[in-house]
Amino acid sequence: MRDVMVIGAGLSGLLAAIRLRQAGLSVALVHKGRGGLQLGQGTVDVLGYRPQRVARPLDELDEFLADQHRASDIAHPYAHTGADAIREGVGYLAELLGEDYLVGDAEVNVALPTAVGALRPTAYYPPSMADGVVSLDPAKPGALRAGSAVVVVGIREFKDFTPELIAGNLALNDLPGGGRLEARADWVSFPARDGEVDSTGLNIARALDDPARRGALVDQLKALGRPGETIALPAVLGHEDPTAFADLRSQVGSPLFEIPVPPPGVPGMRLNDRLTRIAKEARVEVFLGSNVLGADSAGGVLQAGVVGTTGHDTHLKARAFLLAAGGFESGTLELDSYQKVSETILGLPLAIPAGELIHDTWAGQQPLFSVGVATNDDMVVVDPATGEPVYSNLYAAGGVLAGAQRWDEKSGEGIAVASAVRAADAIISNLAGGQR
């Protein structure tokens with residue numbers, strides 16, 4: 001019997017599994033595929049909008065939660081974790097990964113250019129994006145400020161990045177302290193493989209892992225850059241080699257930053273791969289490509305997860321279970337043609353807002369995306385009708401939690417890390433106390 005079975009290997013599942021294992025517990029991490037980190041931008045969003053842009057997310061958290069409470073009877077995940085768990089979760093993630101992968105501050109947001117030339121708030125970001133930081137605090141200028149010159153450089157063989165669009169929109173942004181950036185577009189050629197005219201971002205990143213390939217890109221960037229300009233490129237500057245970006249920047253000799261592109265995103269893959277390596281090094285038992293089909297239970301306690309394996313189902317017994325399998329995007333939550341939403345792994349009751357789940361407003365929040373499982377402050381899954389635990393040893397974290405509009409709020413990673421740490425710490429405490 002394992003101490004804990006974690007279902008899902010996205011940000012919350014990986015982080016919780018590592019924390020549980022570091023506490024000396026035996027952990028089985030079961031997942032059917034790569035987690036949602038590769039769909040992200042390699043950043044950690046704590047709270048970006050409420051709906052106005054947020055400069056200091058934790059300072060504004062209480063007001064944000066009060067607004068949420070007035071608007072909905074479903075508690076936001078942050079109402080259960082609080083600011084301390086956000087600080088602890090983001091800090092723990094940053095410490096695990098190190099400054100080669102993540103820098104920033106949970107207390108203060110910055111803005112980063114996007115693939116359409118907007119400025120998006122976030123708290124933590126890869127160091128490869130640091131030269132593109134715009135401060136949201138006029139008293140603390142970022143790397144880019146009013147009058148800064150940026151050349152947005154596309155790679156002709158990479159079709160998911162349009163420098164003219166990005167540069168044109170980037171120059172239209174009014175910066176928090178006043179003024180605008182100066183931006184222009186340019187192009188280079190860098191096929192991931194000889195003769196390739198349509199390269200994926202991942203293949204280009206893998207090519208740039210090879211120091212011998214970098215010179216061809218460096219020479220072109222040095223030729224097109226003008227004095228005082230900052231160079232922006234798609235986020236493909238290395239995959240497995242954490243020193244690739246720093247080496248490229250050093251050789252070019254100018255400020256240089258990556259702009260995230262549509263998923264799958266290389267920065268998210270870097271974080272996913274690093275956390276997966278840390279989990280394996282910590283001796284987390286990983287079951288890759290395995291669907292959890294249900295569970296065995298008795299007396300209000302989960303006893304085993306039923307995992308689909310070759311030839312037969314395997315019943316993995318554990319003392320505690322953490323559901324961290326994501327929401328709609330992973331298939332954990334499912335909407336049928338009658339607007340009935342279900343949780344597909346354990347058949348859990350869901351917190352569902354009253355009224356229509358989908359409305360015809362193209363912009364703004366859709367009630368559907370606040371559907372999920374309800375928990376108490378220890379992240380134990382509860383029946384939303386009664387507030388009582390569904391199973392005394394079942395916890396939840398991440399995208400499956402009810403009450404958040406992650407895309408509108410820019411809160412997804414913050415919820416993932418805060419709930420993962422809160423759930424892991426509750427499990428550690430309860431198992432140490434002899435919970436069976």
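# Report on strand pairing and selected residues

In strand 7, valine 134 has alanine 111 opposite it. The model described here is predicted. Alanine 111 and valine 134 belong to the pairing between strand 4 (residues 110-113) and strand 7, two strands that run antiparallel and are joined by 2 bridges. The wider arrangement is an open sheet of 3 strands, with antiparallel pairing and the order 5-4-7. Strand 5 (119-122) and strand 7 (134-135) are the edge strands of this sheet, each of them pairing on one side only. Strands of a sheet pair through backbone hydrogen bonds, and the sense may be parallel or antiparallel.

## The chain as a whole

The secondary structure amounts to 10 helices and 20 strands. The chain has a radius of gyration of 22 Å, close to the 22 Å given by the globule rule for 436 residues, so it is as compact as a globular protein of that length. Along the principal axes, the C-alpha trace spans about 70 × 50 × 40 Å.

Burial applies to 53% of the 436 residues. Among contacts in the chain with a separation of 6 or more, 66% come from residues that are 24 or more positions apart. The chain exposes about 18,100 Å², and 50% of this area is supplied by carbon and sulfur atoms. There are 36 positive and 53 negative charges in the chain, and their mean positions are 4 Å apart.

## Strand 1 and its partners

Strand 1 (residues 2-7) pairs in the parallel sense with strand 15 (residues 312-323), over 5 bridges. Within that pairing, arginine 2 has alanine 318 of strand 15 as its bridge partner. Strand 1 also pairs with strand 2 in the parallel sense, over 4 bridges. Here methionine 5 stands opposite alanine 28 of strand 2. Of the 6 residues of strand 1, 5 are buried, so the strand is largely enclosed by the rest of the structure.

## Two residues in their surroundings

Phenylalanine 257 is part of strand 11 (residues 256-259). Apart from neighbours within four places in sequence, phenylalanine 257 is in contact with several residues, including Pro113, Ser128, Met129, Asp131, Gly132 and Leu144. Val150, Thr230, Ile231, Ala232, Leu233 and Phe245 are also among its contacts. One of these contacts, Pro113, falls within the residue range of strand 4, 110-113. The C-alpha atoms of phenylalanine 257 and valine 133 are 9.0 Å apart in space, although the two residues are 124 residues apart in sequence.

Glutamine 339 sits in the loop between strand 16 (333-335) and strand 17 (341-343). Its contacts, not counting residues up to four places away in sequence, are Glu356, Leu357 and Ile358. Glutamine 339 and glutamine 251 are 88 residues apart along the chain, and 55 Å separates their C-alpha atoms.

Is phenylalanine 257 buried or exposed? With a relative accessible area of 1%, phenylalanine 257 is buried, because buried means under 20%. The table sets this value beside those of glutamine 339 and arginine 283.

| Residue | Class | Relative accessible area |
|---|---|---|
| Phenylalanine 257 | buried | 1% |
| Glutamine 339 | partly exposed | 35% |
| Arginine 283 | exposed | 67% |

## Backbone geometry

Most peptide bonds are trans, and most residues other than glycine have a negative phi. Several sites in the chain depart from these patterns, as follows.

Between arginine 50 and proline 51 the peptide bond is cis, and omega is near -10 degrees. Proline 51 is located in the loop between strand 2 (27-31) and helix 2 (61-71). Another cis peptide bond joins proline 263 to proline 264, where omega is about 0 degrees. Proline 264 belongs to the loop between strand 11 and helix 8 (266-281), and strand 11 is also where phenylalanine 257 is found.

Where is arginine 283 placed? Arginine 283 is in the loop between helix 8 and strand 12 (285-288). Its phi is positive, near 70 degrees, in a residue other than glycine. Glutamine 339 likewise has a positive phi in a residue other than glycine, near 60 degrees. Arginine 283 is exposed, whereas glutamine 339 is partly exposed.

Conventions:
Residues are numbered from 1 along each chain as its sequence is written. This is a predicted model: local features need pLDDT of at least 70, side-chain atom pairs count only at pLDDT 80 or more; totals for chains, interfaces and linings use all residues. Side-chain values use heavy atoms; hydrogens and water are left out. Two strands pair if DSSP finds at least two bridges between them. The radius of gyration is taken over C-alpha atoms; the globule rule is 2.2 Å times the number of residues to the power 0.38. Buried means under 20% relative accessible area, exposed over 50%, partly exposed in between (1.4 Å probe, protein chains only). Contact means heavy atoms within 4.5 Å. Accessible areas come from the Shrake-Rupley method with a 1.4 Å probe; for residues, only the protein chains shown count as cover. Lys and Arg count as positive and Asp and Glu as negative; His and the chain ends are not counted. The place of a charge is taken as NZ of Lys, CZ of Arg, CG of Asp or CD of Glu.
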